[in-house]
Amino acid sequence: MEKRFVYADNAATTRVRPEVLARMLPYFTEVYGNPSGLYSVSRDAAVELDRARAKIAGLLNCEAREIYFTSGGSESDNAAIAGIARKRGRGHIITSKIEHHAVLNTVKALEKEGFSATYVDVDENGIIKLDELKKAIRDDTILITVMYANNEIGTIQPIKEIGELARAHKIPFHTDAVQAAGHLNIDVRAENIDMLSLSAHKFGGPKGCGVLYVRRGVNPRPLIYGGGQESGRRAGTENLASIVGMAEALELSLSGLEQKNARVTEMRDRLIDGILKIPYTRLNGDRTRRLPGNVNVSVEYIEGESLILLLDLNGICASSGSACTTGSLDPSHVLLALGLSHEVAHGSLRLTINDETTDDDIDYILDTLPRVVDRLRAMSPVWERRPE
Ligand SMILES: *Cc1c(COP(=O)(O)O)cnc(C)c1O
C-alpha cells in the first residue's frame, strides 16, 4: 500500500478546523480592541465575547454567567480544584486513580499543603468503582473530581451518578471533560455537574484556550488575580480570537454529532478488530463505554516507543502510554490502574481518530501495523523466548 500521512493522535491535540481559523482571523487585525474599552472597536469585541459565552453556555445547557474563559484544560482543572480547596482552607478531596496529570498533580500539591485525598480505584475496564467512591465520602470531604472520559483509554465514566451522589452529600462535583467536550453531548444540568473543564484544542479549536463552567452558588477562589475580567474570577485581557474560535469549534463539533459518531465508532471498531487479530494483543479500556475515536491496545513483546517511531517512519502519528514519550520511566498510571503488568503497559499503543479520519486511513493503519509489529518482534529477544 502506498505510504500516506495519517494523523491518529487527536487525543493529544487536533488540527484547527479551517472554518474556525477563518472565523478567528478578523479578531487579530480588525476587531482587536480590548473588550474592556469604551470605543466602538472594543464594544464590538465585547459583543463577540458575550456571543461566544452565550453560545458555549447554550451548548452545555447552563447560563452565560456560569462560563469562565481560561488558558485551557490545565488551568481550568487547577482553578476548579485548588479554587475550592483554598476557599475551604482544609478538608478531603476525592478523585480517581486515572485522572489526567492536570488533576492528579493539583490534588497532590494540595496534599502537600495539608489537604487529604482519596484516589478511587477503577475496574479492569477503567470504569470508576462507584461503591468505593461512596465509601470514600467523609464528613470533611470538600470536593469530588472525576474525569468525564479518559484521555488514554477513552472510558466514559458514570458522570450523572457521581453527580447525584455528590449532590446528595452537598459536595461540589468537578469533572475534567477535556476529552468529552465536542465529542459527546454534555448537559451540565441533567448530569448534576457543578464545575466542568474543557479545552478548545481537543475539538478543532486553537491551543491555549479553555472554559471552566461553574454552577451559580459554587464559588472557587480565583487562581489568577489582576483586573476584573470574567466577573473578577479570572484576571487577564480576554483571548478573544481564540474564544471566538473555540465557540465556533464547539458548535461545529456538536452539529450532526450522532451521524459523525456513528461513522467514527465504526472506523474505531474496525481498527480494534483488525489490530486484535495480531497475536498477543489486548484492548485496554471498556469495549463500548468508550469515546468514539479512542483505540488503546497493548502489543506484547515490544516497546511502545519503538512502535511509535516505526509508525512515524510510515507516516502514522500515534502515541504510547509508555516511558520515554512521557519523559518518565514509569509506564502510564492509567494502564497500571487497570491491573496491567509493567511489561504489558510498556507495549501500549493509542490511536485516536476523529471525523476527519477516512476509511483509507484505517486501511492504511491496518496494513502497516502488523508489518511493523512483526519487524519489531523479529528483533526482540523476549519474543524469541516467549512462553508457548
Ligand atoms: C489535554 C487534556 C488536559 C489539558 O488540557 P490543556 O488545554 O492541554 O491544558 C486535561 N485533561 C485531559 C483529560 C486532557 O486530555
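Helices here are DSSP runs of H or I with at least four residues, strands are E runs of at least two, and both are numbered from the N terminus. By that rule the chain has 15 helices and twelve strands. Please keep in mind that this is a predicted model, where local features need pLDDT of at least 70, side-chain atom pairs count only at pLDDT 80 or more, and totals for chains, interfaces and linings use all residues. Residues are numbered from 1 along each chain as its sequence is written, and side-chain values use heavy atoms, with hydrogens and water left out.

Let's start with the overall shape. The C-alpha trace spans about 70 × 50 × 35 Å along its principal axes. The radius of gyration, taken over C-alpha atoms and compared with a globule rule of 2.2 Å times the number of residues to the power 0.38, is 22 Å, which agrees with the value near 21 Å for a compact globule of 388 residues.

Next comes the ligand. Its shell holds 13 residues, and the closest are S74, D176, Q179, S199 and K202; to count as near, a residue needs a heavy atom within 4 Å. Helix α4 gives the most to this shell, with three residues. By class, the shell has two nonpolar, eight polar and three charged residues. In this scheme Ala, Val, Leu, Ile, Met, Phe, Trp, Tyr, Cys and Pro are nonpolar, Asp, Glu, Lys and Arg are charged, and the others, Gly among them, are polar.

Three side chains make polar contacts with the ligand, that is, pairs of N or O atoms within 3.5 Å.

| Residue | Ligand atom | Distance |
|---|---|---|
| D176 | nitrogen | 2.7 Å |
| S199 | oxygen | 2.6 Å |
| K202 | oxygen | 2.8 Å |

Taken alone, the ligand exposes 380 Å², and the protein buries 87% of that; these areas come from the Shrake-Rupley method with a 1.4 Å probe.

Now for the empty space. On a 1 Å grid over the protein atoms alone, a cavity is a set of points where a 1.4 Å probe fits but cannot get out, a pocket is an open set with protein on both sides within 12 Å along at least five of seven lines, and lining residues have an atom within 4 Å of a point. Points are joined across faces, edges and corners, and a volume is the space filled by probe spheres set on them.

There are three cavities of 30 Å³ or more. The largest holds about 310 Å³ and is lined by 25 residues, with G182, H183, I353, N354 and D355 nearest its centre. Helix α9 (residues 257–275) supplies the largest share of that lining, four residues. Seven of the lining residues are nonpolar, twelve polar and six charged.

The second largest cavity has a volume of about 120 Å³. Of its 13 lining residues, A79, L212, P222, R233 and R234 lie nearest the centre. At least two residues each come from β2 (67–70), α4 (73–88) and β8 (210–214). This lining has eight nonpolar residues, one polar and four charged.

Finally, the second largest pocket offers about 250 Å³. Its lining includes E300, Y301, H346 and V382, and helix α13 (residues 342–346) gives the most, with three residues. Five of the lining residues are nonpolar, three polar and three charged.

How values were computed
Polar contact = N/O pair within 3.5 Å; in protein donor to acceptor, adjacent residues only side chain to side chain.
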